[in-house]
Structure formats: structure tokens, C-alpha cells
Amino acid sequence: MISSSTPGRRSLAKGALGGAAALLFGAAPASAADTTHRADRATAPPPRLPAPTGPRPVGATTLHLVDSSRNDPWAPEIGVRELMVTVLGPAPARRGFPRAPQQTPRAARSFTDSCWRIHPELPKAGVDWGAVLTHARTGAPPLPGRRPVLLYSPGGGDARTMGSSLAVDLASHGWTVITVDHPGDASEVEFPGARPGREPVRSTVLHGPPDAATFRTMIDTRVADLRFVLDALGLDRVGVYGHSAGGTAAAQALHEDRRITAAVNLEGYLDQLDGELLPVARQGTDRPLLLAGTDGFRDARLDRSWSALLAHAGPVVRRQLDHAHHWAFTDYAALVPQLQKAGLMTASGRAAMVGRAAPRVTVPAVRDLVRSFFARHVLR
């Protein structure tokens, strides 16, 4: 199933994540007042996310971070750059904490209206996205002690929520995982409230494939966002992984920031749309980097930009997921086949998103690949 080839910022919070997490996990989710809503009547039961494989229960909370030193490139009228993140980590085996939804109710409504524009293969109706649950527990307190930290950056046009399954699985094995939204290009991001320049739910500015200038802004902004999260939470010696544009950002952030000790690029190009290689591909890296792709998405541009990096002598490896496609690295790997089975998607639509391989194959393969890489290269 897996084939391979090898060749000064300002922080808003101080101290280690262990101290911050004690506050984060005890906090109410950003939309706690709106937890009873469900989307309009659906024609099929909501799809399910696969259970994590680790021995530990997982707690989850959200955090709103504001970088007042930057303006938002997509909406300058806001005046600052805002991020929403989810912090996932091992929690005690206690009852009374509800399972966290994959999407908040208001975000799910926005996603229902726009998902088929971002991914034309997805159904326009018939899915209760607000009823999809993760296997993390909202408000569950963290276990005491420090743990290795991983940051996740989603693909362009996707929200952090579509990486929930892998993030929860990593947390169940003892990691603290911080999933990061990139407002403006994310499908939707819900904030604690409105502010001048935006509503409580902010939708994507992407309507179709980005042009060269838009793609450059996406990557530059994402790298800055990831580095700001490190600043804001006082983090060091972390791993970063990302999908598609998030994978591109993870690789480039590794190149730019020594606080990142290893990175995983899940099928992100390492060049600009005009063909200019990113610095990480031109200059190489002295820290571990995994390039993971699929046979369904592989093309000349990906091969060229990845080969440029692999030509250097750094600790870079390439792996390939066979009989799969681009979004097999996300929650869609499990959700899309269920939507097809329910008659809400075609077989060709499924193949175009995640490939024809069964989730029982792709989901464990991706989890094992990412977890084993970080277990070797990020201090535990």
C-alpha cells in the first residue's frame, strides 16, 4: 500500500504549552452557546469518523489567537491577523465530557452551503455535517506533564476540522496536537464573536483554483501563521505536518524556523505556480522531512519540486500511498466512501477525491506513516 523512494517574533502568551493547556482544556469551546443546533433534515445518517488507535482518551478545546503585529492579507479592514486553533491531548478516562463535533453548528451551516463549491464531488444536500462527531471530549482536562507537540496545517480551501481523525489518533498515542485554521482561504472559520471587518463565521475567499499571486499569499501567510502559534504558545522543538498547501507551508516553515525539528508534507507542492522553487526545495534541509503523496495525484510539477529537494543530501524521504487520491490524507478518506454508500456521491466522485482504496487500508496507512515518522524525529 505504501511505496517509497529516497534519494524574533512577538508572543501573546508565555510559558510552555503544558501550562497553557491546563487553561485550554478547562475552557468552554468557542461556540458552547450554540451546541444544540443540527443542520436541516438530512436524507442519510451522518458519516462517522474512525476511532483512534491509542490507549489514551483525548480532550479538546479551542483557542482564539490574535496577532496585532500583522494585518490580514485577505481582509485588511480587520486590522489584525486572527487564528482559531484546536488543542488536542491525552486526558483522564472520565465520564461526563461530550464528544466534540467535527464542526461547530454555525460552521457546519456555512460548510453545507459551500462545500460543493470547494469540492464539486461532494453532495449539495443530504448530509448533516453538524452531526459528525470526533472521538475527542470537549472540556476534558489534560493529563499532567509535558508532551511532544505537533502542529497541523490543512489544505487550501479546507478547515482544520477536516484533519480531526489523524490529529485525535496522534493525541491518543500521547502527543499534544494543535490544529491551525488559516482564515481567508479556509472553507469556514468560526470565531467567538464578530468584530469590525468580519462576521462570527468567516468563509473562504477561494472560488476555484488560485492564481500565482493568490497561491504565493497563501503559503507566505500560512508559514507566518504557524510561526506565530509557536510564539503565542511559547513552543520549541515541535513537529509540523500539513496537507496540500498546508504541507507546502509545513516544509517551508521547517526551513525558516529552527524551533521545528521535523515536518511532514502530505502532498504539497514545493514551488510557486510560476515554477519558482521554494527556498526549502532550492537549498535543502538539515532536519527530517517526510514527503508523502498518492499515485492518483502525482504529476510532473510535484515530481519536479520534490526531486529538487531530494537531490540535496538532507534527511528527506518520499513515500507514496497507492490506489489513493489527494484527500486520502484527510477526514474525507473515511467520510467520502460512506457518502458514496449512502447514494450521495458517485464512484467517480469518490475516486477523484480519495481514490478507490478502502478506508480500512488508507486510514491506518496514513496514521502509521505520520506517527512512526514523528516518533523517530520529535523528542518525546
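Let's start at helix α9, which covers residues 347–354: here Gly349, Arg350, Ala351, Met353 and Val354 are buried. Keep in mind that you're looking at a predicted model. What do the buried residues of α9 pack against? Their partners are α8 and α10. Right after α9 ends, have a look at Gly355, whose phi is positive, at about 90 degrees.

Now take the pairing of α8 with α9. Their axes sit 9 Å apart, and the two helices pack at an angle of about 175 degrees. Angles over 145 degrees count as roughly antiparallel, so α8 and α9 get that label with respect to each other. On the α8 side, the contact is made by Tyr332, Ala333, Val336, Pro337 and Gln340, while α9 brings in Ala347, Arg350, Met353 and Val354. Sort the residues of this contact by class and you get 7 nonpolar, 1 polar and 1 charged. Two of the α9 names should ring a bell: Met353 and Val354 were among the buried residues of that helix.

Helix α8 (residues 332–341) has another neighbor to visit, helix α10 (residues 359–377). The axes of α8 and α10 come within 9 Å and cross at roughly 170 degrees, which makes this pair roughly antiparallel as well. Here α8 uses Ala333, Ala334 and Pro337, and α10 answers with Pro359, Thr362 and Val363. In this contact there are 5 nonpolar residues, 1 polar one and no charged residues. Ala333 and Pro337 of α8 turn up here, and they also take part in the contact with α9.

From the helices, let's hop over to a strand. Thr261 belongs to strand β11, which spans residues 260–266. Is Thr261 buried or exposed? Its relative accessibility is 12%, and since buried means under 20%, Thr261 counts as buried. Leaving out residues up to four places away in sequence, Thr261 touches Arg237, Val238, Leu254, Arg287, Pro288, His377 and Val378. One of those, His377, carries the number of the residue that closes α10 (residues 359–377).

Val238 gives us a link to the next stop, because Leu230 touches Val238 too, along with Leu151, Leu235, Asp257, Arg259 and Ile260, again with residues up to four places away left out. Leu230 lies in helix α4, residues 212–232, and is buried, with a relative accessible area of 1%. In sequence, Leu230 and Ile260 are 30 residues apart, yet from C-alpha to C-alpha the gap is 9.2 Å.

The last residue on the tour is Thr86, in strand β3 (residues 81–90). Thr86 is buried, with a relative accessible area of 14%. Setting aside residues up to four places away in sequence, Thr86 touches Ala60, Thr61, Thr62, Arg160, Val177, Ile178 and Thr179. With which residue does the side chain of Thr86 make a polar contact? The partner is the side chain of Arg160, at 2.9 Å. Thr161 is 75 residues from Thr86 in sequence, but their C-alpha atoms are 8.7 Å apart in space.

Finally, step back and take in the whole protein. There are 10 helices and 13 strands, and buried residues make up 58% of the 380 residues. The accessible surface comes to about 14900 Å², with 53% of it belonging to carbon and sulfur atoms.

Note on methods: Residues numbered from 1 in each chain as written. Predicted model: local features only at pLDDT ≥ 70, side-chain atom pairs only at ≥ 80, totals over all residues. Heavy atoms only, no water. Helix = DSSP H or I, 4+ residues; strand = E, 2+ residues; numbered from the N terminus. Buried < 20%, exposed > 50% of the residue type's maximum accessible area, 1.4 Å probe, protein only. Areas by Shrake-Rupley, 256 points an atom, 1.4 Å probe, with all protein chains shown as cover. Axes fitted to C-alpha atoms, helices over the stretch in contact; angles between N-to-C directions. Parallel < 35°, antiparallel > 145°, perpendicular 65-115°, else oblique. Contact = heavy atoms within 4.5 Å. Nonpolar A, V, L, I, M, F, W, Y, C, P; charged D, E, K, R; others polar. Polar contact = N/O pair within 3.5 Å; in protein donor to acceptor, adjacent residues only side chain to side chain.
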